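Here's a walk through the charged pairs, a pocket and a couple of strands in this protein. Keep the structure open while you read.

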Amino acid sequence: MIRIQEWSELSAWARDRVSLLDVSDGDPASYSERQHSYRVDGGPYRGYHALFAVRDGDVLSRAVGLDLTLTTRSCDEPLLGIADVVTRPDSLGRGLAPLLIEELHRRARARGIRWAALWTHRTWSAHRGYERLGYRDAYSPAFLLKRIRAIPSADPPEGYTLRPCRLRDAALLDALFDRASAERVGFVRRPPRAFEARFRLGGRRSNTVQLLLHQGKPTGYAVLDADQHQVVCHEALAVRRADRIALLRLLERRSVGRWLVFRRTTFVGELGVRAARRGYSALPLEHSTLMVKPLGRLPPADRAALARTFGDPRFSCHTGDMF
Ligand SMILES: CC(C)(COP(=O)(O)OP(=O)(O)OC[C@H]1O[C@@H](n2cnc3c(N)ncnc32)[C@H](O)[C@@H]1OP(=O)(O)O)[C@@H](O)C(=O)NCCC(=O)NCCS
């Protein structure tokens with residue numbers, strides 16, 4: 001018989017067996033343990049709560065619920081995020097993942113949550129399963145790239161510099177995010193101490209975030225992964241238009257001889273026509289997709305409001321908001 005259990009109900013042995021799930025999906029063996037032990041304001045980060053399908057004490061499948069917020073034009077809508085869905089490769093096709101997801105839906109509904117969302121790829125078999133559960137594609141991030149062959153002719157922007165962040169800059173990065181996203185809709189209400197969690201829990205090194213300074217004052221940042229072939233910007237934002245242009249030019253200078261890629265960041269939309277003029281190639285979507293589902297019969301006006309949010313030019317979603 002299959003039982004649905006929470007992390008706190010698992011035996012020490014069963015908790016160790018969860019690592020089989022994690023490693024089967026390419027995550028570190030310590031992944032689940034770290035997610036459950038990391039605390040912000042006394043609770044798990046983003047309300048991380050996993051459900052496990054357990055048979056004879058052993059763990060066969062897992063799905064995780066997150067407490068998120070989606071900001072529409074009219075309100076902050078609580079959202080159930082579904083993440084870290086995985087069934088052991090020797091237990092597939094028995095309906096375990098859908099069983100756990102439905103239970104997460106049921107519990108969220110009982111708390112008055114009206115929407116659920118998850119990220120997957122359109123081409124993965126999981127996508128079909130999510131459609132069966134009532135999820136529909138809602139949003140996919142656009143991306144841009146360019147081979148930066150030579151130092152761009154324009155001078156470095158006056159008064160602007162980049163410097164690598166340290167762990168103690170985390171609160172400053174959160175504050176910059178809040179300022180730069182104030183007029184936007186979408187994923188603009190991050191949980192407290194989001195950057196610190198990214199550094200401590202998510203494994204991102206603080207020095208991969210470059211702080212944009214204007215006359216010594218922080219005005220933006222860029223989260224970068226770089227090697228000898230490419231510089232990938234996973235998240236960038238800046239408070240004013242002039243700061244955004246300066247950030248783009250500084251990143252181009254840093255990428256000479258390599259590809260510069262902007263993905264999974266609202267910065268792509270902010271560059272817009274400017275990027276085309278500067279010779280970037282672009283696609284309006286990538287394979288990954290955000291799917292959403294109403295957790296009950298909602299009035300058509302509410303469904304329309306949510307759909308409008310994803311199509312809103314002010315819609316905000318960066319890598320740091322993905323789950
Ligand atoms: C996606 C996943 C969680 C589904 O879990 P599950 O408990 O097997 O879910 P279901 O029982 O509903 O079966 C899902 C599919 O697996 C198929 N399946 C059954 N036995 C299988 C097997 N031995 N090998 C491969 N697929 C099998 C089912 O036919 C079903 O396919 P369909 O959706 O085309 O009908 C699981 O495949 C998995 O862990 N994949 C790797 C991680 C992953 O992709 N997670 C989702 C990230 S968004």
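## Ground rules

A residue counts as buried under 20% relative accessible area, as exposed over 50%, and as partly exposed in between. Keep in mind that you're looking at a predicted model.

## A salt bridge within one helix

Start with Arg107 and Glu103, whose side chains meet in a salt bridge with N to O at 2.8 Å. Both sit in helix α3 (residues 96-110), and because they are four residues apart there, about one helical turn separates them.

How buried or exposed is Arg107? Its relative accessibility is 29%, so Arg107 falls in the partly exposed class. Glu103, on the other hand, has a relative accessible area of 14% and is therefore buried.

This pair has company, too. Through salt bridges with shared partners, Glu6, Glu103, Arg106 and Arg107 end up in one network. For the whole model, the salt bridge count comes to 27.

## Salt bridges across the sequence

Next up is Glu235 with Arg190, a salt bridge whose closest N and O atoms are 3.0 Å apart. This one links distant parts of the chain: Glu235 belongs to strand β14 (residues 230-238), while Arg190 is in the loop between β11 (185-186) and α6 (194-200), 45 residues apart. Both ends are tucked away, as Glu235 is buried with a relative accessible area of 0%, and Arg190 counts as buried at 15% relative accessibility.

Then there's Arg278 and Glu252, with 2.7 Å between the closest N and O atoms of their salt bridge. Arg278 lies in the loop between α8 (267-277) and β16 (281-283), and Glu252 is in helix α7 (residues 241-254), so the bridge ties together parts that are 26 residues apart in sequence. What about the exposure of each partner? Arg278 is partly exposed, with a relative accessible area of 23%, whereas Glu252 is buried, at 2%.

## The second largest pocket

Now for some empty space. The second largest pocket holds about 210 Å³. Its lining is made of 14 residues, and the ones nearest the centre are Tyr139, Thr266, Gly269, Pro313 and Phe315. Sorted by class, the lining has seven nonpolar, three polar and four charged residues.

Which element gives the most to this lining? That's α8, with three residues. Both domains chip in as well: domain 1 (2-140 + 287-321) and domain 2 (143-283) each supply at least three residues to the lining of the second largest pocket.

## Strands worth a look

Find strand β7 (residues 115-121), which is mostly covered, with six of its seven residues buried. Strand β6 (residues 76-87) runs parallel to β7, and four bridges join the two. If you want a spot to zoom in on, Leu79 stands opposite Trp115 in β7.

Finally, have a look at Leu211 in strand β12 (residues 209-214). Leu211 has a relative accessible area of 0%, so it counts as buried. How far apart are Leu211 and Leu172 in sequence and in space? They are 39 residues apart in sequence and 9.6 Å apart in space, going from C-alpha to C-alpha.

Methods:
Residues are numbered from 1 along each chain as its sequence is written. This is a predicted model: local features need pLDDT of at least 70, side-chain atom pairs count only at pLDDT 80 or more; totals for chains, interfaces and linings use all residues. Side-chain values use heavy atoms; hydrogens and water are left out. A salt bridge is a side-chain nitrogen of Lys or Arg within 4 Å of a carboxyl oxygen of Asp or Glu. Buried means under 20% relative accessible area, exposed over 50%, partly exposed in between (1.4 Å probe, protein chains only). On a 1 Å grid over the protein atoms alone, a cavity is a set of points where a 1.4 Å probe fits but cannot get out, and a pocket is an open set with protein on both sides within 12 Å along at least five of seven lines; lining residues have an atom within 4 Å of a point. Grid points are joined across faces, edges and corners, and a volume is the space filled by probe spheres set on the points. Ala, Val, Leu, Ile, Met, Phe, Trp, Tyr, Cys and Pro count as nonpolar, Asp, Glu, Lys and Arg as charged, and the others, Gly among them, as polar. Domain bounds come from an automatic or database domain assignment. Two strands pair if DSSP finds at least two bridges between them.
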